[in-house]
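This report describes a protein chain with a bound ligand. The overall fold comes before the binding site.

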Amino acid sequence: MTTPDNQDILIHTEAAVTTITINRVDKKNSITSVMYAALADALDSASRDAAVRVVVIQGHETIFSAGNDIRDFLDVPPDHADAPVFRFMRGISTFAKPIVASVCGPAVGIGTTLLLHCDLVYAGDNAAFSMPFVNLGICPEAGSSLLVPQLMGHQRAAEALLLGEPFMAETALEVGLINRIVPPSEANALAQRQAQKLAAKPLSSLIETKRLMKKGNAAVVAERIEEEGASFGRMLSEPAAREAFSAFMEKRKPDFSQV
Ligand code: COA
């Protein structure tokens with residue numbers, strides 16, 4: 001498997017484990033449509049390649065991901081079902097083999113919601129999770145409007161999704177979003193060790209067990225991702241999102257008094 005030319009997404013396969021590294025640290029690992037396409041392609045290849053048994057997704061010790069690249073979102077809005085961001089969401093939410101994630105530093109928007117589709121998640125003690133969709137004038141994505149309330153209960157989900165308040169690694173551990181908290185310098189190595197353990201197990205059993213574990217929710221998750229995507233795509237061009245995105249780029253607080 002090869003790494004795309006631009007180096008913002010690194011892909012490395014070794015000993016049956018494909019490691020995907022989000023590598024755009026100067027922009028806080030925010031994800032552009034080109035990067036979503038690379039992520040979707042990497043998952044697709046890993047899914048087809050019989051030699052790959054496990055995928056690891058990681059960022060940098062200081063930042064997992066600042067979510068969607070806001071400028072890119074305005075330039076290349078995901079306004080159709082095959083837009084790279086939706087391809088990525090479908091790919092990760094239906095990925096049959098195990099996915100292990102290592103998360104350090106901020107995990108904003110998709111940086112948190114993609115974890116809902118991973119099987120094992122290890123976090124640095126500096127991890128900070130947030131889903132500030134409302135603060136951006138948009139709505140949840142990647143099935144998070146379904147999966148976050150299922151995970152945390154409605155009231156805690158409301159703090160995360162309506163107020164858009166961040167929560168730290170201890171809370172993520174308590175609600176079951178992550179498996180373990182370690183020093184940031186150890187998170188990627190731990191994810192690799194756990195991936196190697198999985199890779200030594202019979203792949204057919206891993207795939208069947210994961211399928212059975214997710215079967216109860218699979219259809220509703222797919223349906224919710226589609227419904228959220230339609231709302232998300234529409235809301236991107238509405239006044240609230242336009243104000244939020246302009247404010248971000250102008251480095252000021254948004255004014256929602258008129259929307
Ligand atoms: N889209 C585009 N650019 C982004 C970005 C994003 N989501 N997040 C960060 N960047 C850029 C900043 O504009 C800045 O670029 P500049 O150096 O050209 O000015 C650079 O990355 C560094 O970001 P900065 O905000 O200065 O870093 P920080 O350490 O103070 O804060 C975050 C880190 C992640 C907390 C903060 O960047 C943030 O909140 N980002 C936006 C998150 C967001 O709303 N994502 C959308 C979710 S749908």
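How many helices and strands does the secondary structure of the protein chain come to? In this predicted model, the chain has 10 helices and 9 strands. Its C-alpha trace spans about 55 × 40 × 35 Å along the principal axes. The radius of gyration of the protein chain is 17 Å, which agrees with the value near 18 Å for a compact globule, because the chain has 259 residues.

The ligand takes up the space of the second largest pocket. Its shell includes Asp26, Lys27, Lys28 and Ser30, together with Ala66, Asn68, Asp69 and Ile70. Val108, Leu136, Phe248 and Lys251 also surround the ligand. By residue class, this shell divides into 5 nonpolar, 2 polar and 5 charged residues.

Polar contacts of the ligand are listed below.

| Residue | Protein atom | Ligand atom | Distance |
|---|---|---|---|
| Lys27 | N or O atom in the side chain | oxygen | 2.5 Å |
| Ile70 | polar backbone atom | nitrogen | 2.9 Å |
| Lys251 | polar side-chain atom | oxygen | 3.0 Å |

How much of the ligand's area does the protein bury? Taken alone, the ligand exposes 880 Å², and the protein buries 63% of that.

In the contacts listed, Lys27 and Lys251 each face an oxygen atom of the ligand through a side chain, while Ile70 meets a nitrogen atom through its backbone.

Key: Residues numbered from 1 in each chain as written. Predicted model: local features only at pLDDT ≥ 70, side-chain atom pairs only at ≥ 80, totals over all residues. Heavy atoms only, no water. Near = heavy atom within 4 Å. Polar contact = N/O pair within 3.5 Å; in protein donor to acceptor, adjacent residues only side chain to side chain. Areas by Shrake-Rupley, 256 points an atom, 1.4 Å probe, with all protein chains shown as cover. 1 Å grid on protein atoms, 1.4 Å probe; cavity = no way out; pocket = protein on both sides within 12 Å on 5 of 7 lines; lining within 4 Å. Sits in = over half its atoms within 2 Å of the grid points. Nonpolar A, V, L, I, M, F, W, Y, C, P; charged D, E, K, R; others polar. Helix = DSSP H or I, 4+ residues; strand = E, 2+ residues; numbered from the N terminus. Rg over C-alpha atoms; globule rule 2.2 N^0.38 Å.
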